[in-house]
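Please work through the following exercises with the sequence and the model at hand. Each task is followed by a solution in steps.

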Amino acid sequence: MKIKILTLFPEFYDSFLKSSIIGRAISRGLVTFELINIRNYSLDKNHRVDDHPIGGGAGLIMRMEPLMDCLRANTSEKTYTIFLGPKGHPYQQKDAVRLSKMDEICLICGHYEGVDSRFEEEVDEEISMGDFILTGGEIPAMAISDSVVRLLKGAIADDSTKEESFSNEILEYPQYTYPYDYEGKKIPDILFCGNHQAIEEYRRKEAIRETYQKRRDLFDKMTYSRKDAPLIEQVKHGDTSLTPKEKDAMEKGKKFVEKNLKTK
């Protein structure tokens, strides 16, 4: 995959491209990045790319000429172009999945007060990070790149992306690691029971609970099976009681903890 980023500040990405999953994906040949400085396409002797808004108003607007010259010089028919601006649709995990299947995308970073509105008609899509204001598109381009690259096969372990929050229109279940007891806050004993089916059912209920409590908007849209119906009713009514199966698994987990995790 190839990701091109059109920006006024290519140095912004120096550390990003060398770090963590992104750096490893680049070294493995899974993705290549190309940073293009929009200023290089300015016709102004001082490399200015902006001007005052026609009709008055605050701030400066990025001009069409450098934007279009930069876009045309660095994209082709196979390039999917995305302008990062506040009028676009909010970015979601399904967009990351969709973009990760493309061969080449180009992320165009706005700046200053915005871009000439005619430029919005020249791209394939406009994406927003949400209903808040940033100084430019550099951070959104970084966020999109990160969310897309981690989905490329070989970037991280396949299992790591299967049960993540938003992957199945639901938040991920709570996860824990050692120590077992941290300042009185303990890992649920059921996770030590060794019964994978019981753990899976427990995690599903907790994922539903997390979504209901923290993201009611996702909960109202989630797709669930007949098997989920009683779990959903239990969560809605704030019922934290355990089924006989869960009680048995919890007891087995408790015995394991008492025998093996006294000091861990």
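**Exercise 1.** Locate phenylalanine 132 in this predicted model, and decide whether phenylalanine 132 is buried, partly exposed or exposed.

*Solution.* Step 1: phenylalanine 132 belongs to the loop that runs between strand E8 (125-128) and H4. Step 2: the relative accessibility of phenylalanine 132 is 48%. Step 3: buried requires under 20% and exposed over 50%, so phenylalanine 132, at 48%, counts as partly exposed. Step 4: together with Phe12, Leu134 and Ile139, Phe132 makes a nonpolar surface patch of about 370 Å².

**Exercise 2.** Place serine 147 in an element, and determine whether serine 147 is buried or exposed.

*Solution.* Step 1: helix H4 spans residues 138-149 and contains serine 147. Step 2: the relative accessibility of serine 147 is 14%. Step 3: the limit for buried is under 20%; serine 147 therefore counts as buried at 14%. Step 4: when neighbours within four places in sequence are left aside, serine 147 contacts Tyr91 and Ala96.

**Exercise 3.** Identify which residues of the largest nonpolar core touch the most other members, and which element gives the most to this core.

*Solution.* Step 1: the largest nonpolar core has 26 residues, and those touching the most other members are Ile3, Ile5, Phe33, Leu84, Leu107, Ile144 and Val149. Step 2: the elements giving two or more residues to this core include strand E1 (2-7), strand E5 (80-90) and H4. Step 3: H4 gives the most, with four residues. Step 4: beyond residues up to four places away in sequence, the contacts of leucine 107 include Ile3, Ile5, Leu84 and Ile144.

How values were computed. Residues are numbered from 1 along each chain as its sequence is written. This is a predicted model: local features need pLDDT of at least 70, side-chain atom pairs count only at pLDDT 80 or more; totals for chains, interfaces and linings use all residues. Side-chain values use heavy atoms; hydrogens and water are left out. Buried means under 20% relative accessible area, exposed over 50%, partly exposed in between (1.4 Å probe, protein chains only). Contact means heavy atoms within 4.5 Å. Patches are made of residues with over 30% relative accessible area and no salt bridge: like charges are joined within 9 Å, nonpolar side chains (Val, Leu, Ile, Met, Phe, Trp, Tyr) within 5 Å. Accessible areas come from the Shrake-Rupley method with a 1.4 Å probe; for residues, only the protein chains shown count as cover. A salt bridge is a side-chain nitrogen of Lys or Arg within 4 Å of a carboxyl oxygen of Asp or Glu. A nonpolar core is a set of buried Ala, Val, Leu, Ile, Met, Phe, Trp, Tyr and Cys residues joined through side-chain atoms within 4.5 Å.
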